[in-house]
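Hello,

Here is the structure we spoke about. Please open it first, then read my notes below.

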Amino acid sequence: MMQIPCPFCGPRNESEFFYGGPVRPSRPDPAAVNDEDWTAWLTQVPNPLGPVQEHWWHARGCGTWLTIWRDTRTHDVVEAPDDAG
Amino acid sequence: MKQHYSALSLLRHGINRHTTWAPAWRSPPLKDHYDVIVIGAGGHGLATAYYLAKDHGLTNVAVLDRGWLGGGNIARNTITIRSNYMRDASIPFYVKSVALYEAMTRELNFNMMHSKRGMIDVIQNYPMMRDRRRRQHIMDIYGATYEQITEAEIRRRIPALTGGGPDARLPVVGGYVHTDAAINRHDAVAWGYARAIDAMGGEIHQQTPVTQLLRGPDGRIAGVETPRGVIRAPKVAVAVSGHTTTLTETVGLTLPLRTMNLTAFVSEPVKPLIDVIVNCPDAGFYLNQSDKGELVIGGAPDTGQSFRRDIKQTVFEDTVSAMLSLFPSFKKLKFLRQWGGHLDIAHDASPIQDETDVPGLFVTAGWWGGYKAIPAGGLTLAHLVATGRPHPLMEPFGINRFRHLDYVMETGTTTAR
Ligand SMILES: Cc1cc2nc3c(=O)[nH]c(=O)nc-3n(C[C@H](O)[C@H](O)[C@H](O)COP(=O)(O)OP(=O)(O)OC[C@H]3O[C@@H](n4cnc5c(N)ncnc54)[C@H](O)[C@@H]3O)c2cc1C
Ligand SMILES: [Zn+2]
């Protein structure tokens with residue numbers, strides 16, 4: 001099973017976590033951006049063939065939210081975006 | 001020239017010990033220019049090339065695949081063909097696709113082993129019953145068939161379904177039958193189209209991965225780059241299921257798609273046991289029995305984006321335990337194989353078929369349950385590529401719907417939901 005490193009509990013089984021989706025840029029002020037950028041923010045997420053940064057919630061553990069880089073080709077948790085798993 | 005297939009031809013070639021069959025399609029030399037390049041020799045790419053030739057007379061067309069013909073998701077799916085969708089925009093499209101599948105054996109002179117066996121949705125809570133009833137009323141408008149049946153009738157038609165009794169945590173409360181639903185042979189779909197495309201003059205090039213889309217100085221699409229050289233064309237259609245964003249990003253295009261891994265597994269062959277497609281959305285799995293006797297079983301996709309084509313142990317265990325809650329006798333079954341396929345799904349779970357912001361570059365993507373959509377998806381994309389206008393059945397599914405927040409939120413996309 002995939003192991004996710006929790007900063008408090010160490011590596012724990014994926015089944016202890018809830019998935020929180022890929023990390024997106026922070027929400028722009030809709031009034032300050034044009035329609036195209038606004039709808040792009042609403043509907044698009046990074047979809048890399050390689051490491052993606054994502055949120056996970058250690059719900060069946062200590063309850064913290066954390067982010068990891070996970071390689072979408074292998075499901076390996078990697079250190080950084082350019083770290084091929 | 002295309003050899004006609006029939007009982008007589010089988011006999012004739014059989015007498016010659018099957019040494020006289022012509023190859024079903026040629027392997028012509030790769031040219032450096034075509035009128036249209038279709039990327040991806042899966043169901044959607046092949047169907048598109050077929051309709052480009054058949055409906056629009058466009059035969060200077062090359063279908064390129066990085067692997068072999070029909071080796072992508074068309075070979076990895078659980079072949080459920082159905083039209084029980086939820087939205088007014090979706091249902092007519094799928095009704096058309098189901099009808100095209102029914103006519104395909106004759107049209108392509110290739111045995112699709114089409115089996116219109118129907119699908120039963122086994123429902124285990126009342127809100128879901130109401131949801132299905134709403135779906136029934138919408139489907140009625142478009143001529144797709146969806147009928148409510150009782151729990152007793154479900155158990156009569158699926159004797160192996162012995163779980164979900166009154167003491168279960170989720171007792172079976174009733175169900176719906178979708179009589180239009182069918183399964184067929186996925187290889188035959190790919191091969192039948194390939195043979196028909198070849199006979200009309202189109203070309204299929206396997207082992208030809210596209211590494212980069214190329215734009216001309218005017219910003220239009222100019223062709224594609226492959227390890228076999230640059231191939232030019234004024235029109236390029238991307239039908240690569242799962243890898244759409246990987247390719248469109250090479251020309252700086254982003255799309256509201258994410259790639260996910262969906263998995264399935266099969267049991268050892270057993271005697272005929274189940275003659276319908278069984279879908280259990282509340283338990284979270286679906287199954288059918290193949291002609292060979294294997295049970296073909298699928299469940300939920302992996303959590304998070306994935307380009308991995310393998311099943312996760314957690315998904316496998318969850319699906320098996322869901323299945324055993326309704327089919328406890330399957331505990332004795334042994335499993336033979338498991339696999340996955342990566343598919344892209346759009347922000348609103350509906351397909352995207354459109355010309356992109358790069359003129360001449362077309363995409364057909366977001367085909368989550370897109371096997372059933374192959375014939376109609378090819379028909380509509382060929383129409384768009386040839387005429388420059390969307391086919392009426394696909395009009396609601398353009399890219400601009402995201403810019404106008406005019407989503408087609410489709411809960412009918414996944415069977416297990
Ligand atoms: C486990 C599973 C179960 C499913 N069950 C069902 C079901 O019951 N009913 C249903 O309707 N749908 C189902 N689907 C979905 C269905 O399989 C897909 O929606 C459909 O096959 C996608 O269209 P396609 O056939 O064109 O894709 P594919 O067969 O994947 O074709 C895409 C082709 O593009 C090629 N390609 C990719 N990148 C490149 C490149 N850079 N250059 C050249 N070629 C490239 C690939 O090699 C591939 O051959 C299921 C999918 C899976 C994985
Ligand atoms: Zn923790």
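Which side chains of chain A and chain B meet in a salt bridge? They are those of E14(A) and K312(B), at 3.1 Å from N to O. Keep in mind that this is a predicted model.

**The contact between the chains**

The count of salt bridges between chain A and chain B is one. Polar contacts add to the picture: ten residue pairs make them across the two chains, both partners at pLDDT 80 or more. On the chain A side, three elements each give two or more residues: β3 (18-22), α1 (35-43) and β4 (51-57). The largest share there comes from α1(A), with four residues.

Now the totals. Chain A brings 21 residues to the contact, and chain B brings 23. The two chains bury about 2,000 Å² between them. Of that area, 53% lies on carbon and sulfur atoms. Within chain A, the residues that lose the most area to chain B are T43(A), N47(A) and H75(A). Together they make up 32% of what the chain A side buries.

**The zinc site**

Ligand 2 is a zinc ion. Its protein donors are C6(A), C9(A) and C62(A), each through SG, and H58(A) through ND1. They lie 2.1 to 2.4 Å from the ion. The four donor atoms make angles of 104 to 117°, and the site is tetrahedral. The spacing of the donor residues in sequence reads C-x2-C-x48-H-x3-C.

Are C6(A) and C9(A) buried or exposed? C6(A) has a relative accessible area of 5%, so it is buried. C9(A) stands at 32%, so it counts as partly exposed.

**D121 in chain B**

D121(B) sits in strand β3 of chain B, residues 119-123. Its relative accessibility is 0%, so D121(B) counts as buried.

What does D121(B) touch beyond its neighbours within four places in sequence? The contacts are N84(B), R132(B), Y146(B), G174(B), G175(B), Y176(B) and N279(B). Two of these come with side-chain polar contacts. The side chain of D121(B) pairs with that of Y146(B) at 2.3 Å. It also pairs with the side chain of N279(B), at 2.9 Å.

One distance to add: 86 residues along the chain separate D121(B) from D35(B), and their C-alpha atoms are 45 Å apart.

Best wishes

Definitions and conventions. Residues numbered from 1 in each chain as written. Chains lettered and ligands numbered in written order. Predicted model: local features only at pLDDT ≥ 70, side-chain atom pairs only at ≥ 80, totals over all residues. Heavy atoms only, no water. Donors = N, O, S within 2.8 Å, 3.2 Å for Na, K, Ca; no water. Tetrahedral: all angles 85-135°; square planar, octahedral: opposite > 155°, others 65-115°. Buried < 20%, exposed > 50% of the residue type's maximum accessible area, 1.4 Å probe, protein only. Contact = heavy atoms within 4.5 Å. Buried area = accessible area lost by both parts, 1.4 Å probe. Salt bridge = Lys/Arg side-chain N within 4 Å of Asp/Glu carboxyl O. Polar contact = N/O pair within 3.5 Å; in protein donor to acceptor, adjacent residues only side chain to side chain.
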